[in-house]
Amino acid sequence: MNYEELKTLLEKIRQVRIGIVGDFCLDAYLLLEQGASEISLETGLSTLPVRSQRYSLGAAGNVANNLQAMGVMNLSVFGVIGQDPFGEEMRQLLASGRMNTTGLLMQREQWDTHVYMKPYEREQEQHRIDFGNFNQLHPSTAQSLLERLASILPELDIVIINQQVKHGIHTLEFRERLSALVLSHPEKLFIADSRHHADEYAGTIRKLNLPEAGKLLGKD
């Protein structure tokens with residue numbers, strides 16, 4: 001591929017209509033300033049003062065963010081957030097990229113927005129705090145999510161399936177029903193990037209890294 005071919009391809013990408021269904025996560029960075037620490041009167045322990053904080057999209061959110069940075073103008077996202085401030089932050093970040101977030105559903109119980117909170121002290125990352133490790137996707141949420149995707153599917157050219165966390169949206173029931181949706185639309189292009197279920201989702205183009213490919217081949 002020469003420069004002109006690449007340039008033409010990237011220009012065409014801007015017009016592609018893409019849907020992303022997957023594990024939408026948030027990376028939270030807390031910059032600590034221990035010089036401002038004090039002793040808590042309630043516990044007798046030293047506090048961890050936060051000088052600044054910032055948030056960025058991770059997992060399926062990072063896929064959406066990268067596509068938006070490449071100039072894709074029609075992006076629709078399908079995922080689940082919790083009833084918490086992190087979910088609202090995620091929705092705002094996606095909306096600020098002019099993405100269609102009608103497929104980003106809130107589950108009010110048994111679901112925390114997936115967050116990787118990373119405290120930094122002197123530019124060194126400390127123990128990470130994870131949210132969402134105990135999520136349980138309700139069958140009604142799964143049904144609503146798949147119905148939203150199916151309703152918008154005629155308007156999409158490509159659907160990217162992202163699976164990154166063990167306790168995300170990709171339950172056995174969800175995988176089976178999403179696989180059926182894929183197979184019922186052979187005219188659509190589906191791309192699957194799955195960390196734990198790369199051997200599923202027949203009818204998709206599989207994006208694999210080396211460990212995932214090795215697992216499929218029975219290699220360590």
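**Note on helix packing, sheet order and internal spaces**

1. Helix 4 (residues 139-152) and helix 5 (residues 172-183) pack with their axes 10 Å apart and at an angle of about 20°. Angles under 35 degrees count as roughly parallel, and helix 4 and helix 5 are therefore roughly parallel to each other. The crossing that helix 4 makes with helix 5 is right-handed. These values, like those in the points below, come from a predicted model, and they should be read as such.

2. The sheet is open and is formed by 6 strands, which follow one another in the order 5-4-1-9-10-11 with parallel pairing. Its edges are strand 5 (100-107) and strand 11 (205-206), each of which pairs on one side only.

3. At one end of that order, strand 4 (residues 74-82) pairs with strand 5 in the parallel sense, over 6 bridges. Within this pairing, Gly-79 has Leu-104 in strand 5 as its bridge partner.

4. The largest pocket holds about 260 Å³ of space. The elements that give two or more residues to its lining are helix 2 (60-69), strand 9 (158-163) and strand 10 (189-194), and of the elements strand 9 gives the most, with 3 residues. Strand 9 and strand 10 are also neighbours in the order of the open sheet.

5. Residue by residue, the lining of the largest pocket comprises Ile-13, Val-16, Ile-18, Val-63, Leu-67, Met-70, Ile-158, Ile-160, Asn-162, Ile-191, Asp-193 and Lys-207. Divided by class, this lining has 9 nonpolar, 1 polar and 2 charged residues; the charged residues in the list are Asp-193 and Lys-207, and the polar one is Asn-162.

6. A search of the whole structure for cavities of 30 Å³ or more finds 1, and the space in the largest cavity is about 30 Å³. The volume given for the largest cavity is thus to be read beside the cut-off used in the search, which is 30 Å³.

7. The residues that line the largest cavity are Gln-68, Val-72, Met-73, Asn-74, Leu-75, Gly-97 and Arg-98. By class they divide into 3 nonpolar, 3 polar and 1 charged, the charged residue being Arg-98. Asn-74 and Leu-75, both in this lining, fall within strand 4 (residues 74-82), which is paired with edge strand 5, while Gln-68 in the lining of the cavity falls within helix 2 (60-69), one of the elements that contribute to the lining of the largest pocket.

Key:
Residues are numbered from 1 along each chain as its sequence is written. This is a predicted model: local features need pLDDT of at least 70, side-chain atom pairs count only at pLDDT 80 or more; totals for chains, interfaces and linings use all residues. Side-chain values use heavy atoms; hydrogens and water are left out. On a 1 Å grid over the protein atoms alone, a cavity is a set of points where a 1.4 Å probe fits but cannot get out, and a pocket is an open set with protein on both sides within 12 Å along at least five of seven lines; lining residues have an atom within 4 Å of a point. Grid points are joined across faces, edges and corners, and a volume is the space filled by probe spheres set on the points. Two strands pair if DSSP finds at least two bridges between them. Helices (H or I, at least four residues) and strands (E, at least two) are DSSP runs, numbered from the N terminus. Axes are lines fitted to C-alpha atoms, for helices over the stretch in contact, and angles run from 0 to 180 degrees between N-to-C directions. Angles under 35 degrees count as roughly parallel, over 145 as roughly antiparallel, 65 to 115 as roughly perpendicular and the rest as oblique. A crossing is left-handed if the near helix is turned anticlockwise from the far one by less than a right angle, and right-handed if clockwise.
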